[in-house]
Amino acid sequence: MSNTKYGLTLSNRSVVLGMSTIDSMLKQAKEADKSSIWDSVWLGDSILAKPRLDAMVALGGIASITNRVKLGVGCMASTPLRDALLLAYQWSSLDYLSKGRTIFVACQGQKEVGGGLFEEEFNAFGIDPASKSRRMEEAIKIMRQISMEEHTSFHGEFHSFDNVTILPRPVQRPLPIWVTANPNDAFPKLKESALRRVAQLGDGWMTTANTVTSLENNLQDIYRYAEEENRNLPENFEICLYYNVHVNPDREKAIHSVKNYLESYYGVEYERDFLERWVAIGCPSRCVDEIQKFSSAGATTITLRLLGYDEQNQFERVTTEVLPELVK
């Protein structure tokens with residue numbers, strides 16, 4: 001039996017784009033909560049770069065209609081834009097509201113293709129994009145410290161406060177915080193800094209657009225960097241792959257459907273080889289095989305975003321035809 005857990009990624013951006021509805025999003029969250037085959041429910045995040053229903057507001061709503069599934073943001077791209085102390089308060093409240101079911105995934109946004117109006121978003125908040133990594137790191141430290149300590153003080157480059165206690169206290173102490181890194185081999189220095197950050201600060205690692213080989217190699221580097229930093233990664237250190245799925249026995253039709261959907265969603269025309277790396281596409285058995293490869297490569301959690309305008313059909317097929325083959 002596989003130990004990999006599976007998360008359902010719902011699109012709080014699609015409801016803004018008119019590609020889905022809030023009712024559909026909430027219905028799938030409730031159905032996932034009732035089915036033990038789903039371990040978690042996830043939403044995306046951005047503010048102005050790729051407008052969507054605010055992730056924390058939406059997760060608060062989902063928390064109120066679910067009882068079991070963990071709740072996460074994959075990933076919190078606005079981390080550098082948000083005041084870290086306020087963010088710690090809001091996320092602590094969400095953890096309290098959900099009775100300790102949250103997973104925070106720190107992220108710094110994406111300047112590259114697919115990142116939306118990245119520069120415009122940072123300009124609107126009056127924040128230099130060059131500071132995004134340092135701001136994210138500071139936010140991670142503040143959120144963790146605030147969740148563990150009362151009457152705590154912090155003095156950093158961007159935030160400074162004394163004798164602060166956040167109420168209500170989060171259920172999870174410390175709050176679980178995963179760190180996003182999607183390194184590119186073409187930029188070795190940036191790749192090392194991203195993976196070293198995971199090794200230094202993460203309770204887990206979230207990544208996307210990987211091959212099986214890149215997932216394995218990057219994971220080896222994370223453990224090596226942790227050793228160099230004299231940090232023993234916890235036994236429950238999470239390796240989370242943000243992945244996509246579209247079930248359709250007609251593979252060519254499926255690829256065409258996925259391509260059209262993602263172009264409408266991101267405004268980007270993706271090449272076929274990228275789609276085949278980023279999405280499990282085809283009949284149920286093929287989707288099972290593609291997902292299983294990443295499970296075997298070390299992914300402890302795989303989040304699945306259902307691509308296509310037939311969301312409910314995709315949800316039912318993945319729930320009944322794909323996941324049972326992966327967890328048996």
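How many cavities of 30 Å³ or more does the structure hold? In this predicted model, there is 1, and it opens our set of close-ups.

**View 1. The largest cavity has a volume of about 70 Å³.** Its lining brings together Thr9, Leu10, Ser11, Ser20, Met25, Gln28, Arg305, Leu306 and Glu311. Helix α2 (22-34) and strand β11 (301-306) each give at least two residues to this lining. By residue class, the lining of the largest cavity is made up of 3 nonpolar, 4 polar and 2 charged residues.

**View 2. The second largest pocket offers about 330 Å³ of space.** Here 19 residues form the lining, and the closest to the pocket's centre are Gln172, Pro176, Trp178, Asn236 and Glu238. Sorted by class, the lining of the second largest pocket has 6 nonpolar, 6 polar and 7 charged residues.

**View 3. Strands β2 (residues 40-43) and β3 (residues 70-73) lie parallel, paired over 4 bridges.** Look for tryptophan 42, whose bridge partner in β3 is glycine 72. To get from β2 to β3, the chain passes through helix α3 (residues 55-65) in a right-handed β-α-β crossover.

**View 4. Strand β3 also pairs in parallel with strand β4 (residues 102-106), through 2 bridges.** Glycine 72 turns up again in this view, with isoleucine 103 as its bridge partner in β4. The link from β3 to β4 runs through helix α4 (residues 84-97), and this β-α-β crossover is right-handed. If you follow the side chains along the backbone, remember that in a regular strand they alternate between the two faces of the sheet.

Notes:
Residues numbered from 1 in each chain as written. Predicted model: local features only at pLDDT ≥ 70, side-chain atom pairs only at ≥ 80, totals over all residues. Heavy atoms only, no water. 1 Å grid on protein atoms, 1.4 Å probe; cavity = no way out; pocket = protein on both sides within 12 Å on 5 of 7 lines; lining within 4 Å. Points joined across faces, edges and corners; volume = space filled by probe spheres on them. Nonpolar A, V, L, I, M, F, W, Y, C, P; charged D, E, K, R; others polar. Pairing = 2+ DSSP bridges. Right-handed = clockwise from strand over helix to strand, strands pointing away.
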